[in-house]
Amino acid sequence: MNTIPHWINGSPATGETTQAVFNPATGQEQARVVLGGGAEVDAAVQAAAKAFETWSESSLSQRTQVMFTFRQLLVEHEEELGRIISGEHGKTVDDARGEIVRGREVVEFACGLGDVLKGSFSDQVSRGVDVHDFRQPLGVVAGITPFNFPAMVPLWMHPIAIATGNTFILKPSERDPSAANFVADLYQKAGLPDGVFNVVHGGKDAVDAILTHPGIEAVSFVGSTPIAKYVHEQATSHGKRVQALGGAKNHAVVLPDADLEFAANHITAGAYGSAGERCMAVSVAVAVGEAADALVGILERKANEVKVGPGDQPGTEMGPLVTKAAQERVENAVGVAQTQGATVVVDGRGLKVDGHEDGFFTGPSLLDHVTTGMEAYKEELFGPVLAIVRVDSLDQAIDLVNANPYGNGTALFTGSGEAARRFQRRIKVGMIGINVPVPVPMSYYSFGGWKDSLIGDHPIHGPEGIRFYTRPKVVTTRWPQPAQQVTAGFTFPTSS
Ligand code: NAD
């Protein structure tokens with residue numbers, strides 16, 4: 001059986017301890033991944049620290065040339081990488097290709113480094129004195145990423161970290177680890193020097209080694225909220241800069257003046273695409289007033305039409321969940337919702353896919369009359385379950401969304417500009433869609449939620465990415481003329 005190694009200093013590195021990697025569509029173990037700890041993280045830090053000495057001194061154009069080539073390789077290998085992701089995660093190949101394209105956009109942003117890393121210059125702030133600023137890389141930085149976007153989420157991090165002159169250690173999810181090694185190989189083919197991009201596989205041991213290693217300057221984390229809080233606390237207490245993005249419960253509010261067919265179409269795709277395993281998935285539809293009955297009717301029809309099957313089969317719209325445990329957790333949650341009083345309009349439990357009876361499949365589930373006290377509302381189910389909550393007005397809908405501890409994404413479906421404006425100004429959520437169900441910002445904006453969806457103060461990629469992976473210097477300069485008499489004052493300097 002294939003063993004997936006670490007990637008340290010430009011070479012594969014094996015280890016003693018391994019863990020199974022499954023094909024979620026068949027339920028079969030298909031590979032093993034090595035699990036690293038303190039020794040592997042330390043080896044990666046040593047390699048990355050050595051590489052930093054030269055990489056941080058390379059020119060902007062050398063760094064962007066690597067990014068341009070890397071981008072082209074991502075284009076050429078999109079299908080192959082998409083199939084690798086689909087085979088370990090379960091999502092459809094087309095959906096996997098979609099995440100590669102969205103991740104590649106961050107590489108494109110990094111290709112424009114010469115522009116986005118420009119400093120500023122102020123001439124003659126005082127007589128004969130100028131001021132300029134510039135930013136420098138931090139050193140060795142690390143990224144810890146979730147299973148649900150094994151290519152895109154790391155791509156939110158490493159292109160910007162590397163382009164700005166840092167060296168990088170990726171600790172991907174142990175559930176779908178192969179995409180990380182594939183990307184490492186593409187970087188090497190793109191001409192990135194050994195040691196600039198490293199991969200250490202593993203779970204908690206590897207993460208803890210990263211959070212406490214004195215040679216790592218900054219940690220980027222994306223995953224569930226409890227782990228995001230842990231990572232933020234541990235890494236900041238060890239003196240590191242931390243980005244920590246957490247979980248979500250995303251609401252789509254539907255007003256009676258919306259085009260309900262359009263709204264239901266998009267909500268269905270947002271709820272069941274990637275089997276609901278997206279941090280921007282629509283997991284709650286808030287039906288306002290008389291929109292409710294008609295909306296539920298259309299959502300029911302559409303949920304029943306979703307084509308569930310293996311991710312590599314043409315025509316499949318929704319694949320299996322990532323693990324058997326996830327399948328059991330989601331199906332159990334539907335049962336709990338029923339006992340707590342929700343109406344199960346569409347029941348996805350127990351779905352069997354012909355020829356894939358042991359796959360981790362569950363069908364789309366639609367729950368109506370869900371209330372905020374129910375587990376199905378409070379928990380991030382991270383599966384193909386859409387809950388309908390009914391309210392009487394837009395203001396009630398806004399209050400409901402604002403009372404939720406998460407604030408990653410939200411959407412409003414309406415034909416009213418006034419309602420849209422009121423919604424976007426009052427809602428306590430970081431990323432908002434108006435008639436757009438999954439409002440993931442483009443790479444030249446930054447991505448990040450509010451409240452429990454982002455711990456600390458650092459959104460990811462775009463301008464915030466540049467800021468996160470660099471620190472500024474401000475230089476005040478005077479070049480006295482040879483004949484000039486300069487008297488040094490003892491009072492605090494002011495400009496004149
Ligand atoms: P997870 O929190 O279980 O794992 C994320 C990473 O943390 C993995 O690399 C994992 O190995 C590591 N980890 C897990 N348990 C740990 C522990 N006890 N100590 C130290 N490290 C640990 O998340 P997941 O299940 O892989 O991904 C799904 C979650 O990620 C969902 O909550 C989803 O909303 C969230 N997510 C958020 C965003 C966002 O942008 N906010 C994006 C994608 C996913």
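The following paragraphs describe the overall fold, the nonpolar cores, the ligand surroundings and one glycine of a predicted model. Residue numbers start from 1 along each chain, in the order in which its sequence is written. Because the model is predicted, local features need a pLDDT of at least 70 and side-chain atom pairs count only at pLDDT 80 or more, while totals for chains, interfaces and linings use all residues.

The chain holds 16 helices and 23 strands, taken as DSSP runs (helices H or I of at least four residues, strands E of at least two) numbered from the N terminus. For 496 residues, a compact globule would have a radius of gyration near 23 Å, and the 25 Å of the chain agrees with this; the radius is taken over C-alpha atoms, and the rule is 2.2 Å times the number of residues to the power 0.38. The C-alpha trace spans about 85 × 60 × 40 Å along its principal axes. The UniProt record (unreviewed entry) places the feature "domain: Aldehyde dehydrogenase" at residues 17-475; such annotations may be inferred rather than shown by experiment. This span is 42% helix and 22% strand, and its end C-alpha atoms lie 50 Å apart.

Turning to the interior, 52% of the 496 residues are buried, that is, they have 20 or more other C-beta atoms within 10 Å of their own, with C-beta atoms placed from the backbone. The largest nonpolar core (buried Ala, Val, Leu, Ile, Met, Phe, Trp, Tyr and Cys joined through C-beta atoms within 7 Å) has 79 residues, of which Ile-169, Ile-210 and Val-219 touch the most other members. Helix α6 (residues 152-163) gives the largest share of this core, nine residues. A second, separate core of 69 residues includes Ala-263, Val-288, Tyr-377 and Met-431.

Around the ligand there are 27 residues (C-beta atom within 6 Å of it), and Pro-146, Gly-223, Ser-224, Gly-247 and Cys-279 come nearest. By class, this shell has 12 nonpolar, 11 polar and four charged residues; here Ala, Val, Leu, Ile, Met, Phe, Trp, Tyr, Cys and Pro count as nonpolar, Asp, Glu, Lys and Arg as charged, and the others, Gly among them, as polar.

Finally, Gly-433 is found in strand β20 (residues 431-434). Gly-433 is buried, with 22 other C-beta atoms within 10 Å. Not counting residues up to four places away in sequence, Gly-433 touches Ala-411, Val-438 and Pro-439, a contact being a pair of C-beta atoms within 7 Å.

How values were computed. A residue is buried if 20 or more other C-beta atoms lie within 10 Å of its own, exposed if 12 or fewer, and partly exposed in between; C-beta atoms are placed from the backbone. Two residues are in contact if their C-beta atoms, placed from the backbone, lie within 7 Å.
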